[in-house]
Amino acid sequence: MREQIRELARRQDAVIMAHYYQTEDVRALADVVGDSFELARRAGDTEWETIVLCGVKFMAEVAKILNPHKRVLLPSPEAGCPLADMASPGDVIALKEKHPGAAVMCYVNSSAALKAVSDVCCTSSTAVRIAAALPNREIIFVPDQNLGAYVQSKLPGKHIIPFEGCCPIHHHVGVEDVAAARDTLPGAPVLVHPECRPVVQREADFIGSTAAIIDYVDRHEYDAYIIGTEIEIERLLRRRHPNKAFVTLSPDMLCKQMKKTRVEDVFNVLERGGNEVSLTDDEMLAAQNCLTRMIELGTYAR
Ligand code: CIZ
């Protein structure tokens with residue numbers, strides 16, 4: 001099936017992109033593997049006619065908004081992100097009325113409608129630098145409260161007004177999980193994602209996006225690491241560093257939505273078509289500015 005997928009992609013001038021949280025067999029099909037920022041950036045760069053986005057709905061929407069004339073296919077159309085639907089445009093409008101001088105920054109894990117009412121978008125790898133680059137002191141941050149708190153901790157001169165959303169996978173881990181993991185792998189550094197709660201962030205040796213966590217392990221010489229993000233990152237790191245030990249903070253850090261895409265779905269979407277992301281011109285136009293600003297400020301930030 002792998003061969004057939006490659007051939008179908010070649011004939012349709014399609015690029016296959018996969019998020020780090022996709023399973024190994026799906027990532028192995030991809031021309032580009034990365035975090036949301038990298039996928040968004042490369043989707044905009046690419047000369048291909050079709051983008052097959054192995055990830056969740058908001059990622060495919062981002063690719064489409066940045067490339068309105070391309071065909072963007074989501075192999076598993078039911079793969080969503082619970083965080084993306086936590087805040088509505090109405091919530092942002094209400095916050096804007098309360099804080100008229102504030103910029104609205106929205107995490108990429110959000111709907112196209114939320115991006116349309118935001119001034120700038122960000123990913124976890126770019127949030128701090130993009131917030132720092134904004135002229136406003138007050139920033140309404142939607143929808144992830146923990147990433148908002150992380151940005152606030154890094155930029156005390158700013159006033160971050162967080163929305164109360166969260167990623168259930170990251171939010172549910174606690175300090176007791178950190179203590180248990182430290183007992184399992186004594187001396188191993190604890191690397192956590194900023195979607196974890198501030199109490200957990202404070203216990204960590206390093207806080208960073210998936211790309212930053214992978215980079216940290218690549219650059220350090222410890223024998224073992226404790227990983228505080230979706231379990232696929234531990235699996236990816238094990239393959240990359242077979243002589244090192246890894247443990248994820250909790251076995252529950254598994255995003256079922258990210259695991260919905262199977263190799264067969266990639267085959268089916270290329271062979272039969274369908275599952276094409278469809279947004280109206282108005283929806284795309286309204287959300288575009290916030291994403292192009294993210295790419296500009298985020299690329300500079302990297
Ligand atoms: O930005 C992303 O792709 C997500 C969901 C996490 C991360 O830190 O890469």
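Q: Two strands pair if DSSP finds at least two bridges between them, so how many bridges do β3 and β4 have?
A: Strand β3, residues 50-54, pairs with β4 over three bridges, and the pairing is in the parallel sense. Strands here are DSSP runs of E with at least two residues, helices are runs of H or I with at least four residues, and both are numbered from the N terminus. One of the facing pairs is Thr50 with Arg71 in β4.

Q: Before we go on, what kind of model is this?
A: It is a predicted model, in which local features need a pLDDT of at least 70 and side-chain atom pairs count only at pLDDT 80 or more, while totals for chains, interfaces and linings use all residues. Residues are numbered from 1 along each chain as its sequence is written, and side-chain values use heavy atoms, with hydrogens and water left out.

Q: OK, back to the strands. In what order do the four strands around β1 and β3 line up?
A: They form an open sheet in the order β2-β1-β3-β4, with parallel pairing. The strands at the edges are β2 (32-34) and β4 (71-73), and each of them pairs on one side only. On average, neighbouring strands in this sheet are turned by 20° against each other, with direction ignored.

Q: And what does β1 pair with?
A: β1 runs parallel to β3, joined to that strand by five bridges, and Ala14 stands opposite Thr50 in β3. β1 also runs parallel to β2, with three bridges between them, and there His19 stands opposite Gly34.

Q: Is β1 mostly covered or mostly open?
A: β1 is mostly covered, as six of its six residues are buried, where buried means under 20% relative accessible area, exposed means over 50% and partly exposed lies in between, using a 1.4 Å probe and protein chains only. In a regular strand the side chains alternate between the two faces of the sheet. Here Ala14, Ile16 and Ala18 point one way, while Val15, Met17 and His19 point the other way, and all of them are buried.

Q: Which helix lies across that sheet?
A: Helix α14, residues 263-272, lies across β1, β3 and β4, and runs at about 160° to β3. Such angles run from 0 to 180 degrees between N-to-C directions, and the axes are lines fitted to C-alpha atoms, for helices over the stretch in contact; contact means heavy atoms within 4.5 Å.

Q: There's another sheet, I think. What's the strand order there?
A: This second one is an open sheet of four strands in the order β10-β9-β11-β12, and the pairing is parallel. β10 (206-207) and β12 (245-248) stand at its edges with a single partner strand each, so one side of each has no neighbour in the sheet. β9, residues 190-192, pairs with β10 over two bridges, and Leu191 has Phe206 as its bridge partner in β10.

Q: Switching topic: which residues surround the ligand?
A: The ligand is surrounded by His19, Tyr21, Asp35, Ser36, Asn109, Ser124, His193, Ser209 and Thr210, where a residue counts as near if one of its heavy atoms lies within 4 Å.

Q: Which of their side chains have polar atoms by a ligand oxygen, and at what distance?
A: Among them is Ser36, with a polar side-chain atom 2.6 Å from an oxygen atom of the ligand. For His193, the distance from an N or O atom of the side chain to a ligand oxygen is 2.5 Å, and for Thr210 the corresponding distance is 2.4 Å. The ligand taken alone exposes 270 Å², and the protein buries 98% of that, with areas from the Shrake-Rupley method and a 1.4 Å probe; for residues, only the protein chains shown count as cover.

Q: Where does Asn109 sit, then?
A: Asn109 is in the loop between β5 (103-107) and α6 (112-116), and it counts as buried because its relative accessibility is 11%. Leaving aside neighbours within four places in sequence, Asn109 is in contact with Phe58, Cys81, Leu83, Ala84, Pro143 and Glu195.

Q: What about the peptide bond leading into Pro143?
A: The bond from Val142 to Pro143 is cis, with omega near -10°, and Pro143 is found in the loop between β7 (138-142) and α8. Most residues other than glycine have a negative phi, and most peptide bonds are trans.

Q: Which residue in the loop between α14 and α15 has a positive phi?
A: Asn275 has a positive phi of about 55° although it is not a glycine, and it lies in the loop between α14 and α15 (281-301). Asn275 is partly exposed, with a relative accessible area of 33%.

Conventions:
Pairing = 2+ DSSP bridges. Polar contact = N/O pair within 3.5 Å; in protein donor to acceptor, adjacent residues only side chain to side chain.
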